[in-house]
Amino acid sequence: MSRKKKVFITFLIIVVISLCIYLGMKTRYSNKINITVLGKNGYVITTIKNNIIIVDGGDSSNTDILKEIIKEHNNLVTAWITTSPEQDRIGALSNIIKDENSDIQINNILHNLNYEEDWFDKLNLTQQEKEKMKNDIEIITLGKYRERTTEMGRRAEYYFDNFYITPLEINDTNSNEMADQRAILKIDNTFKNVILFNGVDEKNANIFLENDKDQFDVEAILFNGGKETKNEIRQKIENEVRPKIAESENTEENTKSTIEIW
């Protein structure tokens, strides 16, 4: 074999190897899940197009920090998902929607907020707290984004940029049992899965473990709501699913941390 031919073959091999490395890194990057965890029950997912999806958002104390994050993304939210009507889930969102001077735009709102009247009577709330909760629900579901607002369907898939959001277990609007007013969301982008538990009790935790735990190669489990999700339930889920990352729900108020999941 001539020297020129050897040099050409060597060059070709280097090009092929470099291309494989480049494509591998590109695929890896495109399948990265980047989640900012906020104190008080807020999650911000950054998509491949540098857009954001917000889950719950937390109570009113998270309003300012969310506005800062949204401003960094051109004041645009690709999707905002609410999993239950408590103030520590929807307080910040209702504040942002009520702000008439805000430049923030929300493209989609997926909600789990349709509750029967007597469900509210089971909550340990003052009349004023109950009325505020109902008012905030109307602001979200009947406010200026009503045409972009959709009630989440169980096992339905919602696609935003490079993410699929699937509610595995959500509120049954025909039921008034407190145990049913919870949500389990699967967040994935082709190869990676993150499961978000919103205050899940033992009943819904067992439903997930019986029906879903073997279906997903779970990269991370995030627990939204420390009081409802007891330690023993959380440990049971972690032990059976064995995710690579299990994020504690004990995030301090007015803090944020970022998780990168490859």
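Two strands count as paired if DSSP finds at least two bridges between them. The legends below apply that rule to a predicted model.

**View 1. Six strands build an open sheet.** The strand order is β9-β10-β11-β12-β13-β14. The pairing is mixed. In general, strands of a sheet pair through backbone hydrogen bonds, either parallel or antiparallel. Strands β9 (158-160) and β14 (245-247) form the edges. Each of these two pairs on one side only. Neighbouring strands in the sheet are turned against each other by 20 degrees on average, direction ignored.

**View 2. Strands β12 and β13 run parallel.** Strand β12 spans residues 193-198, and strand β13 spans residues 218-224. Six bridges join them. One residue to look for is I195, whose bridge partner in β13 is I221.

**View 3. Helix α7 lies across three strands.** The helix covers residues 231-241. The strands it crosses are β12, β13 and β14. Against β13, helix α7 runs at about 175 degrees. Angles here run from 0 to 180 degrees between N-to-C directions, so a value of about 175 degrees sets α7 and β13 in nearly opposite directions.

**View 4. F197 and F208 meet edge-to-face.** The structure holds three aromatic pairs. In the pair of F197 and F208, the ring centres are 5.2 Å apart, and the planes stand at 90 degrees. F197 belongs to strand β12, while F208 belongs to helix α6 (residues 202-211). The two residues are 11 residues apart, and their pair links distant parts of the chain. F197 is buried, with a relative accessible area of 0%. F208 is buried too, at 1%. Buried means under 20% relative accessible area, so both residues qualify.

**View 5. F197 and F223 are stacked.** Here the rings lie 5.5 Å centre to centre, with 15 degrees between the planes. F197 sits in strand β12 and F223 in strand β13, so the pair ties together parts that are 26 residues apart in sequence. F223 counts as buried, at 1% relative accessibility.

**View 6. Ring pairs link F197, F208 and F223 into a cluster.** F197 takes part in the edge-to-face pair with F208. F197 also takes part in the stacked pair with F223. What lies over the face of F223? The residue is R234, at 5.9 Å from the ring centre.

How values were computed:
Residues are numbered from 1 along each chain as its sequence is written. This is a predicted model: local features need pLDDT of at least 70, side-chain atom pairs count only at pLDDT 80 or more; totals for chains, interfaces and linings use all residues. Side-chain values use heavy atoms; hydrogens and water are left out. Helices (H or I, at least four residues) and strands (E, at least two) are DSSP runs, numbered from the N terminus. Contact means heavy atoms within 4.5 Å. Rings of Phe, Tyr and Trp (its six-membered ring) pair if their centres lie within 6.5 Å; planes under 30 degrees apart count as stacked, over 60 as edge-to-face and the rest as tilted. Buried means under 20% relative accessible area, exposed over 50%, partly exposed in between (1.4 Å probe, protein chains only). A charge sits over a ring if NZ of Lys or CZ of Arg is within 6 Å of the ring centre and within 35 degrees of the ring normal.
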